[in-house]
Amino acid sequence: MRRTAVALTAPVLLLPLSACGGSAEAGSGSTVTVTVGYQSKTINTVTAGTLLRSLGSFEKQLNALDDGKTYKVDWQDYATGAPITAQMTAGKIDIGSMGDFPLLINAARGRQLGKPTHLVSVTGYNLKGGLNTVVVPPTSKLESLKDLKGKKVSTSVGSAADGTLVRALQRAGIDPNRGIEKLNQQPAVGASALTAGSADALSQFVAWPGLLAYQGKAKALYDGAQLNLPTFHGVTAREDFAEERPAVLEAFLKAQAEATDYLTAHPVAAAEKVAKATGLPAEVVYLYNGAHGISTFDPAVKPQLVAALEQDVSVLKAAKLTGDIDVDAFVDDQYVKKALGADYAERLAAAPPAAASEVWPKGATRTRSFPSPARLLAYVAEHKDTLRAAYVPDATTGTLWFADKAVWVADGEQLLPFVAPETARAYVSAHNGAQVITYAEALGRAS
């Protein structure tokens, strides 16, 4: 009988080079190691990483190949996409997942070093850009992007969050290179810097902004969806690996589709699994990965996401992080099309679910949705002590946020939530009689 072995993850620096994959065959040649690089806490990639691993779907798909091989999956966890790219170009990681800007750097480095890689599927996406957020300390007096001029802003250079920061600053009339003091830091380091007061703001990707807001350590300053430009994370594979072992790559993509379907059918259970594996609060995971979360999961490589990649190239070139990148040559959806078969066209045409307000009752395995934020507030007012979390979509961008962390506006009988103060003020300016109110006042008006 064949079996699939799962390698235990150890600190990356302690792994001997011989343990890293590159589809290395050992012994008689009947054992194949497949090395997957993922980012456990970048929860927009869970269907190709954390959740996929916890479900064991990839190992099951490999067992089903029935090709006489024994497969060992070596899961390697990283904080960002950069080290995954370094390991892939060294031939030590076969499949990796990362954000759109790191994907482009992955493409550029692969071509430059003669180790080409390809985008083979998508994990989570947001068509407006809501996956990236700029946050500030809870007591900060900053109220808009323009207020960041001359301030210290932490981000991870070359990341999707950095791309959001650059574009947002440009729209605010601030030179992203000279107008701020940019601190190039890993997400966890940046979060600590924000908390310690050594950074005035933090621009990061999932799940850092939501986590800091949930913990009361930050508040949103800028909702990435204000850019109205798609952002996503995806799966990249080494070209030589894909050509040598197409069945293995297809097995991975079938497993990713299974994990996606599980997340869609069981969003609360999926959030709990990811929380257990990462140490993140399940309430934060659900903010991004829930039924109406900020992220939509779908392995299909949608044209609008490819178009967004093409627009991203200019940002990376301006930052001198890459040169020209042939996006069309980088994108290769043949494997996911084959893996998903007739289902691919349906997934490709699928749209994100409509925005909705939700509460997560304590002890419940399902959330409860409401037709309006006001109806949710009325329910919250009556059940304050029985709820794990309450979520509402931004009235203009649709970005989901915690109800008690949102900026609330009263417009007649309407109670409207916003992620950032700037968008709330913009609404108030355009609607006579509308006014910003506190969360407590919003609850009082709804009850």
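Let's start with helix α3, whose buried residues are Ile84, Thr85, Gln87, Met88 and Thr89. Please keep in mind as we go that this is a predicted model. What covers those buried residues of α3? The cover includes the strands β3 (31–38), β4 (70–77), β5, β6 and β12, together with helix α4. If you have wondered about spacing along a helix, here is some background: an α-helix has 3.6 residues a turn, so residues three or four places apart point the same way. Just past the helix, look for glycine 91, which follows α3 and has a positive phi, near 80 degrees.

While we are at α3, let's visit a pocket that this helix helps to line. The second largest pocket has a volume of about 390 Å³. It is lined by 25 residues, and Gly81, Ala82, Ile105, Val157 and Gly158 are the closest to its centre. Three elements give two or more residues to this lining: α3 (82–89), β5 (95–99) and α4 (100–112). Which of the elements gives the most? That is α3, with four residues. Sorted by class, the lining of the second largest pocket has ten nonpolar residues, 14 polar ones and one charged one.

Now for the largest pocket, with a volume of about 670 Å³. Here 33 residues form the lining, and those nearest the centre are Ser295, Thr296, Ala351, Pro352 and Pro353. At least two lining residues come from each of β6 (117–126), α9 (246–265), β13 (296–297) and α15 (343–349). Helix α9 has the largest share of this lining, with four residues. By class, the lining of the largest pocket divides into 14 nonpolar, twelve polar and seven charged residues.

Let's move on to a sheet. Please find the open sheet of four strands, in the order β15-β14-β16-β17, where the pairing is antiparallel. Which strands are at the edges? They are β15 (368–370) and β17 (400–402), and each of them pairs on one side only. From one strand to the next, the twist averages 25 degrees. A reminder for anyone new to sheets: strands pair through backbone hydrogen bonds, either parallel or antiparallel.

We can zoom in on one pair in this sheet. Strand β14, residues 357–361, pairs with β15 in the antiparallel sense over three bridges. Within that pair, glutamate 358 stands opposite serine 369 in β15. Now bring helix α16 into view, residues 373–382. This helix lies across β14, β15 and β16 (387–393), and runs at about 165 degrees to β16.

Next comes a residue I'd like you to click on: glutamate 283, found in helix α11, residues 282–289. Is glutamate 283 buried or exposed? Its relative accessibility is 10%, and the cut-off for buried is under 20%, so glutamate 283 counts as buried. Leaving aside residues up to four places away in sequence, glutamate 283 touches Tyr214, Trp360, Arg388, Ala389, Tyr391 and Phe402.

There is another strand pair to look at. Strand β7 (residues 133–136) pairs with β11 in the antiparallel sense over four bridges. Valine 134 stands opposite tyrosine 222 in β11. How many of the five residues of β11 are buried? Four of them are, and the strand, residues 219–223, is mostly covered.

If you follow the chain on from β11, you come to the loop between β11 and β12 (231–238), where asparagine 228 lies. Asparagine 228 is not a glycine, yet it has a positive phi of about 55 degrees. Lysine 320 is also not a glycine, and its phi is positive too, at about 60 degrees. You will find lysine 320 in the loop between α12 (303–318) and α13 (327–330). With 75% relative accessibility, lysine 320 counts as exposed.

One last stop on the backbone. Where is the cis peptide bond that joins valine 206 to another residue? It joins valine 206 and alanine 207, with omega at about 0 degrees. Alanine 207 lies in the loop between β10 (201–204) and α7 (208–214).

So, if you would like to retrace the tour, begin again at α3 with its buried residues, Ile84 among them. Then compare the views for yourself on the screen. Thanks for listening!

Methods: Residues numbered from 1 in each chain as written. Predicted model: local features only at pLDDT ≥ 70, side-chain atom pairs only at ≥ 80, totals over all residues. Heavy atoms only, no water. Pairing = 2+ DSSP bridges. Axes fitted to C-alpha atoms, helices over the stretch in contact; angles between N-to-C directions. Contact = heavy atoms within 4.5 Å. Buried < 20%, exposed > 50% of the residue type's maximum accessible area, 1.4 Å probe, protein only. 1 Å grid on protein atoms, 1.4 Å probe; cavity = no way out; pocket = protein on both sides within 12 Å on 5 of 7 lines; lining within 4 Å. Points joined across faces, edges and corners; volume = space filled by probe spheres on them. Nonpolar A, V, L, I, M, F, W, Y, C, P; charged D, E, K, R; others polar.
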